[in-house]
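Grab a pencil and try these short exercises on helix packing, burial and aromatic rings. Have a go at each task before you read its solution.

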Amino acid sequence: MEPLIDIVSGVFVAAGAFFVLVGAIGLVRLPDLYTRIHGASVIDTAGAGLLIVGMMLQAGWSLVTLKLLFILGIFLFTLPVAGHALARAALREGLEPKLTHDRRAPAGDAPDAAEEA
């Protein structure tokens, strides 16, 4: 049973590391604050969440698992709220997202797909 837990735990840790890597690349490559917030939220929720689940499997049923579960719960409740608050504060201060076209424009003012091509 222990080798199976090691394999499943390794899969969770590898998946978490993958999401952390993708989010870190996103922080560097994405063009504006709003898309970078999305990259950071990928690191927070998916990356850290999967890493913690992998660590919980390695810890077995112990006090460490309970502590990791509390940390996971705090992450899942607070980090998305912090990212949303950061985006709302930036928008309130007048920082506009970089868009190829304004999606907030009325339907009659939006350019046709034929005009863009």
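The exercises below all use this predicted model.

**Exercise 1. Work out how helix α1 and helix α2 are oriented relative to each other.**

Let's start with the pieces: α1 covers residues 2-29 and α2 covers residues 33-59. Next, the geometry: the axes sit 8 Å apart, and the packing angle is about 165 degrees. Angles over 145 degrees count as roughly antiparallel, so α1 is roughly antiparallel to α2. As for handedness, α1 passes α2 in a left-handed crossing. Finally, sort the residues of the α1–α2 contact by type: 19 are nonpolar, eight are polar and two are charged.

**Exercise 2. Do the same for α2 and α3.**

Here the axes come within 9 Å and cross at roughly 175 degrees. The cut-off for roughly antiparallel is again over 145 degrees, and therefore α2 and α3 are roughly antiparallel to each other. The contact of α2 with α3 breaks down into 21 nonpolar residues, four polar and one charged.

**Exercise 3. Is glycine 39 buried or exposed, and what does it touch?**

First place the residue: glycine 39 belongs to helix α2. Its relative accessible area is 5%. Buried means under 20%, so glycine 39 is buried. Now look for partners, skipping neighbours within four places in sequence: glycine 39 is in contact with Gly23, Leu27 and Leu30.

**Exercise 4. Give threonine 65 the same treatment.**

Threonine 65 lies in helix α3, which spans residues 63-92. With a relative accessible area of 8%, threonine 65 falls on the buried side, because the limit is under 20%. Leave out residues up to four places away in sequence, and threonine 65 touches Met56, Ala59 and Gly60.

**Exercise 5. Find the aromatic pair and classify it.**

Searching the whole structure turns up one aromatic pair. Its members are phenylalanine 18 and phenylalanine 19, with ring centres 5.7 Å apart and planes at 70 degrees. Planes over 60 degrees apart count as edge-to-face, so this pair is edge-to-face.

Then check exposure: phenylalanine 19 has a relative accessible area of 30%. That value lies between the 20% and 50% limits, so phenylalanine 19 is partly exposed.

**Exercise 6. How far apart are glycine 39 and phenylalanine 19, in sequence and in space?**

Along the chain, glycine 39 and phenylalanine 19 are 20 residues apart. In space, the C-alpha to C-alpha distance between them is 9.5 Å.

Conventions
Residues are numbered from 1 along each chain as its sequence is written. This is a predicted model: local features need pLDDT of at least 70, side-chain atom pairs count only at pLDDT 80 or more; totals for chains, interfaces and linings use all residues. Side-chain values use heavy atoms; hydrogens and water are left out. Rings of Phe, Tyr and Trp (its six-membered ring) pair if their centres lie within 6.5 Å; planes under 30 degrees apart count as stacked, over 60 as edge-to-face and the rest as tilted. Buried means under 20% relative accessible area, exposed over 50%, partly exposed in between (1.4 Å probe, protein chains only). Axes are lines fitted to C-alpha atoms, for helices over the stretch in contact, and angles run from 0 to 180 degrees between N-to-C directions. Helices (H or I, at least four residues) and strands (E, at least two) are DSSP runs, numbered from the N terminus. Angles under 35 degrees count as roughly parallel, over 145 as roughly antiparallel, 65 to 115 as roughly perpendicular and the rest as oblique. A crossing is left-handed if the near helix is turned anticlockwise from the far one by less than a right angle, and right-handed if clockwise. Ala, Val, Leu, Ile, Met, Phe, Trp, Tyr, Cys and Pro count as nonpolar, Asp, Glu, Lys and Arg as charged, and the others, Gly among them, as polar. Contact means heavy atoms within 4.5 Å.
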